[in-house]
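Trainee: Could you walk me through how the terms for this model follow from the numbers?
Mentor: Happy to. Let's look at it together.

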Amino acid sequence: MAVMTRVVELRAMQYRRTFRASLISSFLNPVLFLLAMGVGLGTYVDRSGAATQALGGLTYLQFLAPGLLAATAMQAAAFESTFPIMAGLTWQRVFHAMYATPISPRDIVMGNLVWIVIRLTMIAAIFTGVMVLFGAAASPLIVLGIPAAVLTGMAFATPIAAFSATQRTPEKFNAVFRFGITPLFLFSGTFFPISNLPATIQPIAWLSPLWHGVELSRALALGTISQAPLLALAHVAVLAAIVVAGTWWAFRTVEARLVRG
Amino acid sequence: MPDLPVSADTALIRARGLTKRFGEFTAVDAIDFDVARGESFGFLGPNGAGKTSTMRMIGCVSPITEGELEVLGQDPRADGPRIRSRIGVVPQQDTLDTELTVRENLVIYGRYFGMSRAECGRRADELLEFTQLTERANDPVEPLSGGMKRRLTIARALINEPDLLLLDEPTTGLDPQARHLLWDRLYRLKQRGVTLVLTTHYMDEAEQLCDRLVVMDKARIVAEGSPRELIERYSTREVTELRFAVGVQDSLDGQLDGLAERVELLPDRVLLYADDGEAAVAAAHQRGLRPETVLVRRSSLEDVFLRLTGRSLIE
């Protein structure tokens, strides 16, 4: 445990170089999205009675914002678990340098995952602050949207980090984003309820970890979680199970890679 | 961290039947060796001989397949992190963090060993001085020359004041001046009693730095001794190199027989192994041989390697 924090320290030291730009973009991203989609597009959506009915009486901004919070965590997690892992194992090989010290492969995995948790917490907290500024949060429970978003992000970060450790070039990362992250971003109930999808496709959305994250986040932001606490618990259980499995997989792939040299 | 149970008279490294296999491929084939405290020990051999695999097993980052290995009196299988806390590693490939400055690279590395920030800073400054990098302390790593990066990697490996320093081809790819500066620093470490274990495919490097070395070829140890002993055992005092005009060498046939203790035909020259090189030259002239150039030199580890394996070290 104590050893793993040294890995976190390295990541923080590296982050110091770029933290200003990083924090600014963490703020601008939700501002721009909520303005364009939530307010701009939302004005049209809210004029349609049918749409308001489909959204359960919510404004489009209220519907969109918590979904976007979870989706943003997913995107940030995917980025943090691809290129930095490849840098450590292949480009600059600093993880190999660490492994020559008392630090073990598991410490390296855990340290990096903890660092991703810290980054996602920062991003989700800023996003939630922006939501409150836009009046997009109906319930004080939105505070719990931050850990929910982090959990959602980690359900992506852990298996993607494990996959990244098996790669020697970043070519397949494009496929991860193009065929994984982008479709999930669009079709996991972030921008419209999945009930709007054809009935045959709907069950596929249930397989999306992001859908569980979006549902959880929305239930917290709107305060509707008390109506279906068991369902929320099920979402948490699904995401947590992926995190556990992804972490175990990352232990294996990172260790295999470090031992091979 | 408590000291490891190593007494002055026991070997820092002890290997018996040490073997490393990757699937069907045997990288290290049942080798035996000991390294004593304060000794400077080398693995000499061509690329692919198994040197790096051996170093990685000693460094406790690659599990042994078979045999026995003891490092600092401990078993790498059970005590990897504890052993690694007492050794310093200079890998073949630079693994410096280009997102950090020169000094930060040292400080964070000290942190990996659990040293306090103050201690890391103090050691970092000392080591920058020792490796002549003080002026570059706050510069980024990327624009440094190859020699400077190597020196920084050596400084980094010394941050924890290791009992044992492992260097995998420390000067490969460096220009002669950078190599000599590096050798000088390593020599100073040796003088201070740091145990050095290095791999190299440079004969001059092995002769400069190693008290004792093993010659590796095709995953096995083919000879062991001090550079001087190896030369005495496997070569003659002097070597005469004859170069002939293009095409002439192939038509010499038996004309070289008996000119020296041993005659070696290389693609571009002929080597005559004899204790008296000038006498060998005279004998060749008497036979009417007219080489274009003649060089009489002292025997080197290159000659030892050629004798042992029939091949040049660097092809």
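**Reading helices and contacts**

Mentor: This is a predicted model. In helix H9 (residues 277-286) of chain B, the buried residues are Gly277(B), Ala280(B), Val281(B) and Ala284(B).

Trainee: What makes a residue of this helix count as buried?
Mentor: A residue is buried if 20 or more other C-beta atoms lie within 10 Å of its own. Gly277(B), Ala280(B), Val281(B) and Ala284(B) are buried, so each meets that cut-off.

Trainee: Why are the buried residues of H9(B) said to line one face of the helix?
Mentor: Looking down the axis of H9(B), they fall within an arc of 100 degrees, so they line one face. That buried side packs against strand E10 (238-243), strand E12 (270-274) and strand E13 (293-298) of chain B.

Trainee: Which exposed residues sit on the face of H9(B) turned away from its buried side?
Mentor: Glu278(B), Ala282(B) and Gln286(B). Exposed means 12 or fewer such C-beta atoms.

Trainee: Why is H8(A) called roughly antiparallel to H11(A)?
Mentor: The axes of helix H8 (residues 145-164) and helix H11 (residues 209-222) of chain A come within 9 Å and cross at roughly 180 degrees. Angles over 145 degrees count as roughly antiparallel, so the pair earns the name. Among the residues making the contact are Ala148(A) and Phe156(A) of H8(A), and Leu216(A) and Leu220(A) of H11(A). By class, this contact has nine nonpolar, four polar and no charged residues.

Trainee: How many residues does each chain bring to the contact of chain B with chain A?
Mentor: Chain B gives 21 residues and chain A gives 21 residues. On the chain B side, the largest share, four residues, comes from H3(B).

How values were computed:
Residues are numbered from 1 along each chain as its sequence is written. Chains are lettered from A and ligands numbered from 1 in the order in which they are written. This is a predicted model: local features need pLDDT of at least 70, side-chain atom pairs count only at pLDDT 80 or more; totals for chains, interfaces and linings use all residues. Axes are lines fitted to C-alpha atoms, for helices over the stretch in contact, and angles run from 0 to 180 degrees between N-to-C directions. Helices (H or I, at least four residues) and strands (E, at least two) are DSSP runs, numbered from the N terminus. Angles under 35 degrees count as roughly parallel, over 145 as roughly antiparallel, 65 to 115 as roughly perpendicular and the rest as oblique. Two residues are in contact if their C-beta atoms, placed from the backbone, lie within 7 Å. Ala, Val, Leu, Ile, Met, Phe, Trp, Tyr, Cys and Pro count as nonpolar, Asp, Glu, Lys and Arg as charged, and the others, Gly among them, as polar. The arc is that of the directions from the helix axis to the C-beta atoms.
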